[in-house]
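Colleague: Please take a close look at one part of this model, the three-stranded sheet with its helices and the spaces beside it. I would like one connected account with the cut-offs stated.

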Amino acid sequence: MRILITGVTGSFGTEFSRQFSGAYDIHGLSRSEVLQVAFPYKEKVILHKGSVVDEARVTEVIRLISPDWVIHAAAYKHISTGCGDSVEMMDVNINGTRSVLRACSRCGIGSRVLLVSTDKAVEATTFYGKTKACAEGIVIEVGGIVIRYGNVLGSSGSIVPLFLDSASKGQYLGIREHPVYGVPTRFFIRLSDAIQMVHSLLGCPSGIYVPRELKAARIDEVARQCVQFVGKGAVIPSGSLLYGEKLHEILLDHMEGYKAQKFGNFWRVARDSHTLGQRRVEVSSDKPEGGMYTPVELAGLIRETSDYMKGLA
């Protein structure tokens with residue numbers, strides 16, 4: 001099977017290439033020549049330079065390699081980035097997705113596109129989340145696949161490496177919280193597990209897919225485990241939640257919860273589903289189906305993340 005990954009030099013593309021470059025013919029699209037030079041699997045993965053917003057270039061690459069599947073992982077993903085550079089975030093996340101889908105349509109790939117999305121797209125309160133929600137809608141409309149999950153441990157800019165870095169410098173780890181309802185919770189997933197989930201969905205019917213057994217943790221507990229692991233730093237409160245910052249994340253909105261059907265280890269919401277279940281499926285980080293991480297589990301995840309980040313250095 002031949003697979004094209006957009007944004008291949010990012011965390012997702014790098015790990016997918018590590019796991020599957022020996023099994024599949026993987027091609028990658030990336031706009032950064034610097035990152036392509038540093039890409040650790042460039043001898044096994046064929047790299048193509050280009051941006052997803054350049055529809056002509058995307059079409060040229062897809063027509064050249066004729067992939068069986070396109071995994072669309074390219075995105076401006078950091079919420080803080082979107083505040084100051086909203087035009088480019090919108091261009092990459094929305095127009096870039098549209099470019100990929102148009103190129104696939106022209107080249108006979110059709111709807112064999114899988115979008116890597118996020119819990120931030122559900123009832124979005126940030127500009128980033130809203131751009132990803134738009135991207136989801138575009139992909140589902142043409143019959144593609146969307147997968148949503150939470151914070152990916154070890155990915156660029158994720159919270160655990162940031163906490164570890166701050167703690168190693170002896171800095172305070174400030175935790176924002178709601179004045180009444182307390183400390184935020186978030187879904188967390190290993191990068192390697194996220195890759196396996198995406199791989200398992202290639203060839204599945206169109207729809208939005210959400211992992212059923214995803215686990216979550218309180219942000220202050222994550223910070224405390226990072227401090228304990230490093231042996232320096234301290235966790236302190238740092239005021240109220242920022243504008244648009246949720247107390248808890250969800251993976252299905254209200255109506256999707258009524259439409260969701262079990263599909264193996266996922267909840268699936270089909271585009272053409274008009275049947276509402278009698279019970280609404282709730283997937284929230286304060287009461288996850290997979291449960292909350294225990295302190296021991298979190299300590300193990302943080303150790304794994306630290307080892308993974310050292311391997312990238």
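Modeller: The account below goes from the sheet to its helices, then to the cavity and the pocket.

The model is predicted, so local features need pLDDT of at least 70 and side-chain atom pairs count only at pLDDT 80 or more, while totals for chains, interfaces and linings use all residues. Residues are numbered from 1 along each chain as its sequence is written, and side-chain values use heavy atoms, with hydrogens and water left out.

The sheet is open and has three strands in the order β7-β9-β11, with mixed pairing. Strands (E, at least two residues) and helices (H or I, at least four) are DSSP runs numbered from the N terminus; two strands pair if DSSP finds at least two bridges between them. β7 (151-153) and β11 (215-218) are the edge strands, each with a single partner, so one side of each has no neighbour in the sheet. From one strand to the next the twist averages 45°, where axes are lines fitted to C-alpha atoms (for helices, over the stretch in contact) and angles run from 0 to 180 degrees between N-to-C directions. Four bridges join β9 (185-190) to β11 in the antiparallel sense, and Thr185 has Arg218 of β11 as its bridge partner.

Two helices can be placed against these strands. α8 packs on the sheet and touches β7 and β9, its direction making about 75° with that of β9; contact means heavy atoms within 4.5 Å. α9 (219-230) lies across β9 and β11 and runs at about 80° to β11.

The structure holds one cavity of 30 Å³ or more, with about 40 Å³ of space. On a 1 Å grid over the protein atoms alone, a cavity is a set of points where a 1.4 Å probe fits but cannot get out; a pocket is an open set with protein on both sides within 12 Å along at least five of seven lines, and lining residues have an atom within 4 Å of a point. Grid points are joined across faces, edges and corners, and a volume is the space filled by probe spheres set on the points. The cavity lining is Leu153, Val160, Phe188, Val222, Leu298, Leu301 and Ile302. α11 gives the most to that lining, three residues, and the lining divides into seven nonpolar, no polar and no charged (nonpolar: Ala, Val, Leu, Ile, Met, Phe, Trp, Tyr, Cys, Pro; charged: Asp, Glu, Lys, Arg; polar: the others, Gly among them).

The second largest pocket has a volume of about 160 Å³. Its lining includes Leu153 and Leu301, residues that also line the cavity. α11 (295-312) again gives the most, with four residues.
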